Amino acid sequence: MPKTIGLVSGSPDYVPLSGFVAPDVPVRTNAYSADGRLYAYALPTTVRIFQAEGAQLLQELPLSNIVELNFSPRGTYLSTWERPVKFEDGTQHKNLRIWSASTGQELVAFSQKSQEGWDLQYTISESHAVRLVGPEIQVFRPAEWAKGVVDKLKVEGATSVTLSPGLNPSIAVFVAEKKGQPASIKIYNLLGLNAAPTCQKTFFKADRAQIKWNTLGTQVLLLTQTEVDNSNKSYYGETGMYLLSAAGNFDCRVTLDKEGPIHDFAWSPNSKEFGVVYGYMPAKTVIFDQRVRKIHDFGSSPHNFISFNPQGRLVLLAGFGNLAGKIDIFDRRSLTKITTIDAPNTSHCEWSADGRFLLTATLSPRLRVDNGIKVWHCSGPLVHVKLIEELYQTSWRPTPPENAPPFPNQIPAAPEPSESVKEWEKTQKKPTNSVKPTGAYRPPGARGLATPAIFKREDEGGLPSNNGSPAGSGANTPVRGYSRSPMPPGAPGYGQYANGDGGYGKRHVPGAPPGAGTGGDNERKGNKKKKVLKKQDAAAAGEDGAAEAAPVNGNANGTPRGKKGGQQRQQEAAPPPPPEPEPLTPAADGSLDTITKRVRNLNKKLKAIEELKEKAKRGERLETTQFKKMEGEAEIKKELAELQKSLPATA
């Protein structure tokens, strides 16, 4: 099935846009302008530009193999990028091209090898455009592309540059740590690049960085990360965070009170506060003000994503990726939770322009199952579902904040869900209240109605653990001799054959206490007598000096020593009876008494229950048997308290 594209209206209809006709060839990518006025998509041989309202075709550019495209902030210019190609004559392939969105004319072209950070960065008024080429920052005036570079700044080792929004634009330049030299960030005023930086800071442990400006362009957050964590505590390296002011009057490190990586951070649209999700799971989420003073701590939960709605009224905390996909939405004013949404396998999450709806999507190739989009109301209900076999890209149509309706003082009520939600709910399996517990594993010979008690857990009527040893440690294994009986141990008829023969039951388990074997005392006495007789035979053979040695396991006349000859000597020289074994004491065999072992076993069970509680707090899914184990905590503590009373007091 070729990749196609579609435009769908929003709430409450969610129907395909009537004036838009999907192309009959595969679509590679699409994009809206920041103001939502224009829309474009790329085909294998064409790029088409539409007026978003009504999907009216404006321009069709004959371009092949376009991989990326992007509009300038006001939609005046369209940038396209294709993979670089080597020409035989050695000329550079100018694969980054800038077009006029209104006329379709090519204005300027550049050579850009890397797909990461491929596009130019524009000021919000489109008065200037910035591009990083090696260590050099180049500045252009889009109204005068033909003049080329109008200003430039060379910063040795520069790896990234980020242009601020706002009416007084600045640029933040990051230099990674290299060959023992510390990393640094420098902020320059765009209109005064040749002057000294307005703010700068150096630090170590920064191989790469993520830079986010606030909406006004007055402050910048810098997230640093190393490739390797020298403490070996994290697979993803060490992270750090810094806050700097564009004016140079404030900079500091954001100190976090929980050890672990920084998962995500985001500015509030009011530019006065930001949120950070950090620490080992379950991670903490804290909102700070613009002077890095803590405003609110949301506590520890399995989250790794934070987002403010465009009006800054709602805060979204979620756990995506390898987490369960739970989304918690909080009211920023009251700092209370509004709802929790279950959106597993989400790979894209985005607020609508009015801040009332949330779009979640499962995209390919991140996940190739359950692809599609879901639209949720901010109060929690699901209002629209669209499942697609393979979904590669989705987004809301942007709307400038000043054109979006204001968010009401009270959380608005959810609209009626579309028909797609009702159809989708019919296909979902309804959860049942009675969950069939998963039993313990039993070998095939122990299955069926006549399951021996030895193979059952205690809560299923099985044998109690011996001497308080932990369940599953082998303490319940019956002491028995070797048997070829087809029946499992403990079952009726174990050790018996069809003809009534007991089989081979003379061997015993190594290390078993006396009397545990099936052979009995007579067998052990007979074995000792045989050993004594063998020693006597060897002594007699040496004293007589016989010319011919006695055959092995027999006497001179061929009579087997184990039968007639053995019985005769047994009567002549009976060995002395073995000494009586001394009674075992706890000090002699190195073991503890029954009560002490039981106490130790109960403590181990309590420790296991605490570990299960920690797993539940981190959002991990537990089995039914693990929930049952946690429910027995009170009984275990009660039994432990009674046993500890009976223990002797220690000095």
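**Exercise 1. Locate P282 and describe the peptide bond that precedes it.**

Solution. P282 sits in the loop that joins β22 (273-278) to β23 (283-289). The model examined here is a predicted one. In it, the peptide bond from M281 to P282 is cis, with omega near 0°.

**Exercise 2. Determine what lies in the loop between β30 and β31, considering P365 and D370.**

Solution. Step one concerns P365, which is placed in the loop between β30 (357-362) and β31 (372-377). The bond leading from S364 to P365 is a cis peptide bond, its omega being near 0°.

Step two concerns D370, which is also found in the loop between β30 and β31. Its phi is positive, at about 55°, although D370 is not a glycine. The relative accessibility of D370 is 58%, so this residue counts as exposed, the cut-off for exposed being over 50%.

**Exercise 3. State where L335 lies and whether it is buried, partly exposed or exposed.**

Solution. L335 belongs to the loop between β27 and β28. Phi of L335 is near 60°, a positive value in a residue other than glycine. With a relative accessible area of 24%, L335 is partly exposed, because that class runs between the 20% and 50% limits.

**Exercise 4. Characterise the surroundings of T339.**

Solution. First, the element: T339 is found in strand β28 (residues 337-342). Second, the accessibility: at 12%, T339 counts as buried, since buried means under 20%. Third, the contacts: with residues up to four places away in sequence left out, T339 touches I327, D328, I329, C378, S379 and G380. One of these, S379, is 40 residues away from T339 in sequence, yet the two C-alpha atoms are 6.0 Å apart in space.

**Exercise 5. Describe the largest nonpolar core and the elements that build it.**

Solution. The largest nonpolar core has 18 residues. Within it, L316, I327, W351 and L358 have the most contacts. Two or more residues each come from β26 (314-318), β27 (326-331), β29 (348-351), β32 (382-387) and α1 (419-427). The greatest contribution to this core is that of β26, with 3 residues.

**Exercise 6. Examine W351 and L358 through their contacts.**

Solution. W351 lies in strand β29 and is buried, with a relative accessible area of 8%. Residues up to four places away in sequence are not counted in what follows: W351 touches S307, F308, N309, P310, L314, L316, I329, F357, L358, C378 and W396. F308, one of these, is 43 residues from W351 along the chain, and their C-alpha atoms are separated by 8.3 Å.

For L358, neighbours within four places in sequence are likewise set aside. Its contacts are then L316, I327, C349, E350, W351, K374, V375, W376 and W396. W351 is thus among the contacts of L358.

**Exercise 7. Establish how α5 is oriented relative to α6 and which residues make the contact.**

Solution. Helix α5 (residues 594-617) packs with helix α6 (residues 624-631) at an angle of about 120°, and their axes are 9 Å apart. The two helices are therefore oblique to each other. The crossing of α5 past α6 is left-handed. On the side of α5 the contact is made by I609, L612 and K613, and on the side of α6 by Q626, K629 and M630. By class, these contact residues comprise 3 nonpolar, 1 polar and 2 charged.

**Exercise 8. Carry out the corresponding analysis for α5 and α7.**

Solution. The axes of α5 and helix α7 (residues 633-646) come within 10 Å and cross at roughly 150°. Angles over 145 degrees count as roughly antiparallel, and α5 and α7 are therefore roughly antiparallel to each other. α5 passes α7 in a left-handed crossing. From α5, the contact includes I595, R598 and V599, and from α7 it includes E633, I636 and K637. The contact of α5 with α7 holds 8 nonpolar, 2 polar and 7 charged residues.

**Exercise 9. Summarise the chain as a whole: how many helices and strands are there, and what share of residues is buried?**

Solution. The chain contains 7 helices and 32 strands. Of its 651 residues, 37% are buried. Among contacts between residues at least 6 apart in sequence, 41% join residues at least 24 apart.

Notes
Residues numbered from 1 in each chain as written. Predicted model: local features only at pLDDT ≥ 70, side-chain atom pairs only at ≥ 80, totals over all residues. Heavy atoms only, no water. Axes fitted to C-alpha atoms, helices over the stretch in contact; angles between N-to-C directions. Helix = DSSP H or I, 4+ residues; strand = E, 2+ residues; numbered from the N terminus. Parallel < 35°, antiparallel > 145°, perpendicular 65-115°, else oblique. Left-handed = near helix turned anticlockwise from the far one by under 90°. Contact = heavy atoms within 4.5 Å. Nonpolar A, V, L, I, M, F, W, Y, C, P; charged D, E, K, R; others polar. Core = buried A, V, L, I, M, F, W, Y, C linked by side-chain atoms within 4.5 Å. Buried < 20%, exposed > 50% of the residue type's maximum accessible area, 1.4 Å probe, protein only.
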